[in-house]
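Work through the exercises below with the sequence and the model in view. Try each task before reading its solution.

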Amino acid sequence: MGFFDSEVVQQEAKQLFEDYHSLTQLGSEFGKFDREGKKIFIEKMENMMERYRIFMKRFELSEDFMAKMTIEQLKTQLNQFGTTPEQMFQQMHITLERMKREIS
């Protein structure tokens, strides 16, 4: 069975996309949140980013051709913006840490 044939993989990918989309939309209102709302938002973003990092690691460890191609496509796309997947995760971590400091 291919990597993308797995119902678990399909469900996790769908859930990650939906969670990311919802959180990014919600994030546009971040400035209007009270302190507790901001803390909850940051926590949810951290959790989602960790799930995404794990999901991407599954791709990297897979022997499936399509999984490897997906990783290469992501790297190529990010490279066009002058970054790597690891730098993307680091930048998100830095941003979330800055957001935490601002509400402390």
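**Exercise 1.** Decide whether R53 is buried, partly exposed or exposed, and find its partners.

Solution. Step 1: buried means under 20% relative accessible area, exposed over 50%, and partly exposed in between (1.4 Å probe, protein chains only). The relative accessible area of R53 is 31%, so R53 is partly exposed. The model is predicted: local features need pLDDT of at least 70, side-chain atom pairs count only at pLDDT 80 or more, and totals for chains, interfaces and linings use all residues. Residues are numbered from 1 along each chain as its sequence is written, and side-chain values use heavy atoms, with hydrogens and water left out.

Step 2: a salt bridge is a side-chain nitrogen of Lys or Arg within 4 Å of a carboxyl oxygen of Asp or Glu. R53 forms one with E86, the closest N and O atoms being 3.3 Å apart. E86 lies in helix 4 (residues 85-103) and R53 in helix 2, so the bridge ties together parts that are 33 residues apart in sequence. Helices (H or I, at least four residues) and strands (E, at least two) are DSSP runs, numbered from the N terminus. E86 has a relative accessible area of 40% and is therefore partly exposed.

Step 3: a charge sits over a ring if NZ of Lys or CZ of Arg is within 6 Å of the ring centre and within 35 degrees of the ring normal. The charged end of R53 sits over the ring of F89, 4.4 Å from its centre.

**Exercise 2.** Find which residue forms a salt bridge with E12, and where the two lie.

Solution. Step 1: the partner of E12 is R51, with the closest N and O atoms 3.5 Å apart. Step 2: E12 is in helix 1 and R51 in helix 2 (residues 35-61), 39 residues apart, so the pair links distant parts of the chain. Step 3: E12 is partly exposed at 22% relative accessibility, and R51 is partly exposed at 26%. Step 4: salt bridges link E12, D19 and R51 in a network.

**Exercise 3.** Classify the ring pair of F30 and F33.

Solution. Step 1: rings of Phe, Tyr and Trp (its six-membered ring) pair if their centres lie within 6.5 Å; planes under 30 degrees apart count as stacked, over 60 as edge-to-face and the rest as tilted. The count by this rule is eight aromatic pairs. Step 2: the centres of the F30 and F33 rings are 5.8 Å apart and the planes are at 70 degrees, so this pair is edge-to-face. Step 3: F30 and F33 are both buried.
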